[in-house]
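Trainee: Got a minute to go through this one with me? I'd like to start with helix packing and then move on to rings and odd backbone spots.

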Amino acid sequence: MVTMKRVKLVLFILVAIGMMGASLWYAFDTASRADLKDYVGDEVWYVPASRNMLHRLGFETHYVHNGYEGVNIIFSNDEAKKKYIRVVNKAIVMYKGNRSATIHYTKFPGIYAEIPKERFEGFRSYLRDNIPEDAYYIVTGFRYPDKDNIQNYLNLEHPFLGKDFIMLSMLLLGDEPFYWRVPGLVLYGLLQILVLLAAYRITRSYLASLIALFFVAIDPTLQATAVTAMLDIYVGAFVALFTFLLVYGWRNWAGFGVGLASATKLSGAFGYPVLFLRLLADLKAKIEWKKIIRMIVILVLLSLTIVAYAEYLADYWGAKYFQLLALLTVLAVVEFLHSSREQVNHLLTFLTAALFLPLLGFLLPELPAIKVVGLNEWLRNFLGSFKWHLSYKGPNPWTSPFWEWFYNGNPFHFHFNPDIVANTNPTLLLFMVVAIFAIPYVWRKKNLAVVPFGIFWSTVGFFALHYALGGKTQFSFYATALVPEAAVTMGVVVYEIVKWEAFTDSLLDYLYWLGKKLRIRRFVEYVEEKRKKEEPELQPVSVPAIPLPPTVYVERRGLPKRVSLSKVRRERRPRPGGLPRKSPEEKEEEEPQPKNESSVS
């Protein structure tokens, strides 16, 4: 049987699919444009790094254009290029290469060529036979951007999860611009679903969920980063995943989620304090504060020990720091086991969600880079990158400090004609400022609303700290990490503070009109029944009784007579003091004597 509840669910799903479908169609259409079949924005760094990593792992990517296979011949140095460039040019002619597509790189010793697919193995064999092995190597796939040392660049200053997706797409689909962007487009769709579900979990409202979805579907920052093979769309997607998991109360998975977000860019971890506070709130309901403080001390010492060990492996710190912190950690754990043995399970649960799972989520995507360069070298690059992140990188026309994101002060241009610009949405971001004054009210009604709100402002706070510590080279597309949680907060807060009766009542009117026009009886009956239930029941009107003055009955002339109490003379009681009053009998005895007139003598 079809019920209105099912009808609402179907309409909700259709509207949500319509919103997501429209935004994804626009993004896919833009990403696949013929005039964007080249590097866009910072793709010039992330895509070559992914290609280089695959090559070092022993994988080959393929770019086939009109039946020609793309190949990069990289020489060991400029001298080797001068010596063997004639061999390469001869091979291109011999094997019918596309001469118009040949590129001689100027910033590094290399040549790009396109060879017919059926002749490619012969071309490779000819080079192998005529050029020494240590003088060159071949990287198949799309051409490189002409940048200094790009053939060796691995982008180890950033974590590797975003580049893992680009590498996977290169292997499965091919090494060409549109395929680089497919994973980001897919995760853009996933981001929208996560925002929709997070808003619904908080409000249980289809309307609030659609409001949140609307703001991520139209957000210009997400759209710009989704159509380019950059890292920021992955940051936004995994921040949305972290928010979703935390809203649903899955603490361990939320810890793993924040680790994945940080494995794309470190800004993905800026919402971690909210997870930490939620874990403390869970502990507060079970154990006393003194034991919670001991747990926090163990967490801090254990974290510092891991950092000190990593610095030791990277040859930045001596072993004494690691050894001292490890000793302090062991002593803190032993003391806790001795004094609070019954709370060991709570300690393990806390450490698992707050430290071990975030660390696991961060390290797993780094395994390809660790395999290529080794753990110590990877640590040196990763830990050394903090100095780079916190440094000023020189003047840039597109620099936009974090406060300018709130009013779209200086948006970053990825591409001109067609224009791909990382504009921010002032309506959404400035609303988060206004929401500060409404969040206590919303929190009382929907206590989970504080989760996305807290993640947003925690992220803003860390960007402010990043700027204050020297990282003044910030750009508008960094705001991608703010959009998912801001959209969820927008849906929840707007739903709670706006009187929705005007909208819901209007929707009933539309439904009734639709039922009448299309002769759908179920719609008409539903609206009539709904309106009937909403009408207040008429209560019988009762006229209040007018109170009458109290009455007494006195005996007079043998007939009872109703006399108002107000007319009855009140009995006067003798006041204390003075002479006693005479009774009526005494008064009758004392008759007044007539006065005799005096004669005039």
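Mentor: Fine. One term before we start: contact means heavy atoms within 4.5 Å. Also keep in mind that this is a predicted model.

Trainee: OK. Which residues of H6 meet which residues in H20?

Mentor: On the H6 side they are Leu191, Val195, Ala198, Ala199, Ile202 and Thr203. Their partners in H20 are Pro484, Ala487, Val488 and Val492.

Trainee: How do those residues divide into nonpolar, polar and charged?

Mentor: Nine are nonpolar, one is polar and none is charged in the contact of H6 with H20.

Trainee: And the geometry, at what angle do the axes cross?

Mentor: Roughly 35°, and the axes come within 9 Å. Helix H6 covers residues 177-203 and helix H20 covers residues 483-497.

Trainee: Is that crossing left-handed or right-handed?

Mentor: The crossing of H6 and H20 is right-handed.

Trainee: Switching to rings. How many aromatic pairs are there in the whole structure?

Mentor: A search of the whole structure gives 47 aromatic pairs. One of them is Phe12 with Tyr206, which is stacked, at 4.4 Å centre to centre and 15° between the planes.

Trainee: Which parts does that pair tie together?

Mentor: Phe12 belongs to helix H1 (residues 4-31) and Tyr206 to helix H7 (residues 206-217), so the pair ties together parts that lie 194 residues apart in sequence.

Trainee: Are the two rings' residues buried or exposed?

Mentor: Phe12 has a relative accessible area of 12%, so Phe12 is buried. Tyr206 is at 26%, so Tyr206 counts as partly exposed. For another geometry, look at Phe456 and Trp457, an edge-to-face pair with 5.1 Å centre to centre and 85° between the planes. Phe456 is buried at 0% relative accessibility, while Trp457 is partly exposed at 25%.

Trainee: Which residues do ring pairs link into a cluster?

Mentor: Phe270, Trp405, Phe412, Phe414, Phe462, Phe463, Phe475, Phe477 and Tyr478.

Trainee: What about charges, which rings do they sit over?

Mentor: The charged end of Arg201 is over the ring of Tyr248, 5.7 Å from the ring centre. Lys393 has its charged end over the ring of Trp388, 4.6 Å from that centre.

Trainee: New topic. Where is Gly255, and what does Gly255 touch?

Mentor: Gly255 is in helix H10 (residues 251-262). Not counting residues up to four places away in sequence, Gly255 touches Leu275, Ala353, Leu357 and Pro358. Gly255 counts as buried, at 0% relative accessibility.

Trainee: And Thr30?

Mentor: Thr30 is in helix H1 and is buried at 11% relative accessibility. Leaving aside neighbours within four places in sequence, Thr30 is in contact with Leu36, Val227 and Ile420.

Trainee: Last thing, the backbone. Which peptide bond is cis?

Mentor: The bond from Asn417 to Pro418 is cis, with omega near 5°. Pro418 is in the loop between strand S6 (412-415) and strand S7 (420-422).

Trainee: Where is Asn155, and what is its phi?

Mentor: Phi of Asn155 is near 55°, a positive value in a residue other than glycine. Asn155 is in the loop between strand S5 (136-140) and helix H5 (161-172), and is buried at 2% relative accessibility. Asn408 has a positive phi of about 55°. Asn408 sits in the loop between helix H16 (375-389) and S6, and counts as partly exposed at 22%.

Note on methods: Residues are numbered from 1 along each chain as its sequence is written. This is a predicted model: local features need pLDDT of at least 70, side-chain atom pairs count only at pLDDT 80 or more; totals for chains, interfaces and linings use all residues. Side-chain values use heavy atoms; hydrogens and water are left out. Axes are lines fitted to C-alpha atoms, for helices over the stretch in contact, and angles run from 0 to 180 degrees between N-to-C directions. Helices (H or I, at least four residues) and strands (E, at least two) are DSSP runs, numbered from the N terminus. A crossing is left-handed if the near helix is turned anticlockwise from the far one by less than a right angle, and right-handed if clockwise. Ala, Val, Leu, Ile, Met, Phe, Trp, Tyr, Cys and Pro count as nonpolar, Asp, Glu, Lys and Arg as charged, and the others, Gly among them, as polar. Rings of Phe, Tyr and Trp (its six-membered ring) pair if their centres lie within 6.5 Å; planes under 30 degrees apart count as stacked, over 60 as edge-to-face and the rest as tilted. Buried means under 20% relative accessible area, exposed over 50%, partly exposed in between (1.4 Å probe, protein chains only). A charge sits over a ring if NZ of Lys or CZ of Arg is within 6 Å of the ring centre and within 35 degrees of the ring normal.
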